[in-house]
Amino acid sequence: MGTAEEQKVQQKKAFGWAARDTSGFLSPFNFSRRETGDKDVTFKVVYCGICHSDLHMIKNEWGVSTYPLVPGHEIVGVVTEIGSKVEKFKVGDRVGVGCMVGSCRSCDSCANNLENYCPKMIFTYGGTYYDGTTTYGGYSDIMVTDEHFIVRIPDNLPLDAAAPLLCAGITVYSPLRYYGLDKPGMHVGVVGLGGLGHAAVKFAKAMGVKVTVISTSPNKKKEAIEHLGADSFLVSRDQDEMQVAMSTMDGIIDTVSAQHPLMPLIGLLKSHGKIVLLGAPEKPLELPAFPLLVGRKIVGGSAIGGMKETQEMINFAAKHNITADIEVIPIDYVNTAIERLVKADVRYRFVN
Amino acid sequence: MAKSPEEEHPHKALGWAARDSSGVLSPFPFSRRENGDDDVTIKILYCGVCHSDLHSCKNEWGVSSYPLVPGHEIVGVVTKVGKAVTKFKVDDKVGVGVMVSSCKKCDCCKQDLENYCPQMMLTYNSINHDGTKNYGGYSDMIVVDQHYVLRFPDNMPLDAGAPLLCAGITVYSPMMYYGMTEVGRHLGVAGLGGLGHVAVKIGKAMGLKVTVISTSPKKESEAINSLGADSFLVSTDPAKLKAAMGTMDYIIDTVSAVHPLLPLLSLLKLNGKLITVGLPEKPLELPIFPLVLGRRLVGGSDIGGIKETQEMLDFCAKHNITADIELIKMDQINTAMERLAKSDVRYRFVIDVGNSKL
């Protein structure tokens, strides 16, 4: 008997693709969702972005996965049913769900619209809901979600290209605001040009910030400048280029999740500059103290954003016509897509 | 041929210098420049012994040039002022800290952040514009541009106030910059030495709850009863560390040896800030998960600008904050350095220069 069937009686049939073990191989999976509760919104999933976190989770690279695991936390669709106490949405609305579907709603973080930092925050997939059931993500046909954790997608944003904003978008938008790297005229570096990186370039440009993409791959330069609108491109393995760029940046958004040296990046910052880490390598990085002190520089982290800010980010994206660059795939291509993602062979997000 | 240290300037001076990386100090006759229009000449009465002096004497940062006269917590009395000097007059009680010059033109200087000016000149172990070396406060007199001289508040004892010129500003500046001033917030102070003990006092004066974080359980009684800390955490005790997880808004890390950051990061609340002011020789290990999952940050800070240093002195005078010191004579400096290396001091040695035979 599958885990889904052993759970408490749930009444909505659902279909998705799940990983069954650490090979990460996904295959069709029948399960069920809860009945639409008073505050729930049920929607038909139209698209779901493939986030690199999905890859980490299906292979249990963080050691927290339980199987079967239905990934997907960049979910967009159309409302089909609402609970009796739902006030913000109606049938037919275009909506999205990101990385979380629940939180305690009473701690300081929740009270300050920072549900993402609530110690009891519930992940959209691979988590345990209030009723004890496992949460299943957006590589499926329907979602049933508490209205508090749903955002509205404005009409002028195409659903497919908006999906990745629900994780990649908020993950870069939130620190640009929190660390004050959003002032016109500032110079911000973006390390890594993938799902997060390309979104960071677009948001920062829309905020009036000068952007330099910092990458190990020289072949991404043309695209970064001509297509994404970056102002310049820095090959981080080129010592001469790095030397010239020293002390020129107010901030750096670092999206790279592999081990990499921080010292050259800290050197690119002006005095009082800030580097924000969004990718989390498994092992610690080396932090040299001298450059931090002598320039009064900061190394910080950030993780997605709260619901209020996520809606604000979507509205900002709609106003500035920001969407992700995507490759739409049918769900049965998903295993190939994952293999290509491992090799960073995607401009810049798959959406299924 | 280059002139000797005694001959290169018009005014004879006496100090103690380290000659090599053994770090042993001995008498050193040298000379100071003519008092220029913007300069103030100071007869030195006291000089604090900062751990940086020890690092420099032994060339632990690899940048020392010998002979090296350390000392950047200098207090004395004005004996001469240049024609253009407006801020001071003869007999004023004054102090000199970690820097004696900067470019005065860049963005940092214009924002009263001379300490971050790329051309900032350190009080000792730096080279003057005329190519001669700068010698620090383990000496009988010094000549400094008035801009870099601090007024000593009337009610502040000269000897116990001297360490504020480096230790004081080094903790005060980040406390202001990183917003550690909201009454009732919780500050952790890692390391209880020259910097740490002043951080406790300033933190309490700002109305913060203060916890001392230390590897030495025997410092607890003093931290609480004498310095006024609210609590004490032995960082090598896993149970105590766990109980204190996620309880602090900020931590000032004064420890200058290499040490693990993960236990300190775990003590911080959401949005917590770990500010490091100690300078270990090797890089620290920075675990990223606690930064990302709690939107925490690690920042650095390096002394403070002149305006802020004066502000800090006035703040300390108002709140009767001075360092806890052990007064020594200059000829005891080598023993003091050995004790400092073993952290055997409550909490700063100060050299009674005025009463020492140099």
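**Exercise 1. Work out which domains chain B holds, and how they meet.**

Step 1: start with the bounds. Chain B divides into domain 1 (5–166 + 324–355) and domain 2 (168–300); such bounds come from an automatic or database domain assignment. Before going on, note that this is a predicted model, where local features need pLDDT of at least 70, side-chain atom pairs count only at pLDDT 80 or more, and totals for chains, interfaces and linings use all residues. Residues are numbered from 1 along each chain as its sequence is written, chains are lettered from A and ligands numbered from 1 in the order in which they are written, and side-chain values use heavy atoms, with hydrogens and water left out.

Step 2: take the centres over C-alpha atoms. Those of domain 1 and domain 2 of chain B lie 29 Å apart.

Step 3: count contacts (heavy atoms within 4.5 Å). Domain 1 of chain B brings 12 residues, and domain 2 of chain B brings 16 residues.

Step 4: find the buried area, that is, the accessible area (1.4 Å probe) that two parts lose on being put together, summed over both. Between these two domains of chain B it is about 1,200 Å², with 48% from carbon and sulfur atoms.

**Exercise 2. Find the salt bridges and polar contacts between the two domains of chain B.**

Step 1: apply the salt-bridge rule (a side-chain nitrogen of Lys or Arg within 4 Å of a carboxyl oxygen of Asp or Glu). The domain pair in chain B has 2 salt bridges. B:R346 and B:E222 form a salt bridge, with their closest N and O atoms 3.8 Å apart.

Step 2: look along the backbone at B:R346. Its peptide bond to B:Y347 is cis, with omega near -10°.

Step 3: place B:Y347. This residue sits in the loop between α11 (333–341) and β18 (348–351) of chain B, where helices (H or I, at least four residues) and strands (E, at least two) are DSSP runs, numbered from the N terminus.

Step 4: add polar contacts (a pair of N or O atoms within 3.5 Å; within protein, one must be able to donate a hydrogen and the other to accept it, and residues adjacent in sequence count only if both atoms are side-chain atoms). Across the domain interface of chain B, 10 residue pairs qualify, both residues being at pLDDT 80 or more.

**Exercise 3. Describe the interface between chain A and chain B.**

Step 1: list the participants. Chain A contributes 35 residues to the contact and chain B contributes 34 residues.

Step 2: get the area. About 3,000 Å² is buried between chain A and chain B, 69% of it from carbon and sulfur atoms. A:L287, A:L293 and A:R296 supply 25% of what chain A buries against chain B, more than any other three residues.

Step 3: check the polar side. There are 0 salt bridges between the chains, while 6 residue pairs are in polar contact across their interface (both at pLDDT 80 or more).

Step 4: assign the elements. Those giving two or more residues to chain A's side are α5 (168–178), β14 (269–277), β15 (285–287), α10 (289–294) and β16 (298–301) of chain A. The most come from α10(A), with 5 residues.

Step 5: examine the strands, which pair if DSSP finds at least two bridges between them. β15(A) pairs in the antiparallel sense with strand β15 (residues 284–286) of chain B, over 3 bridges. There, A:L287 has B:L284 as its bridge partner.
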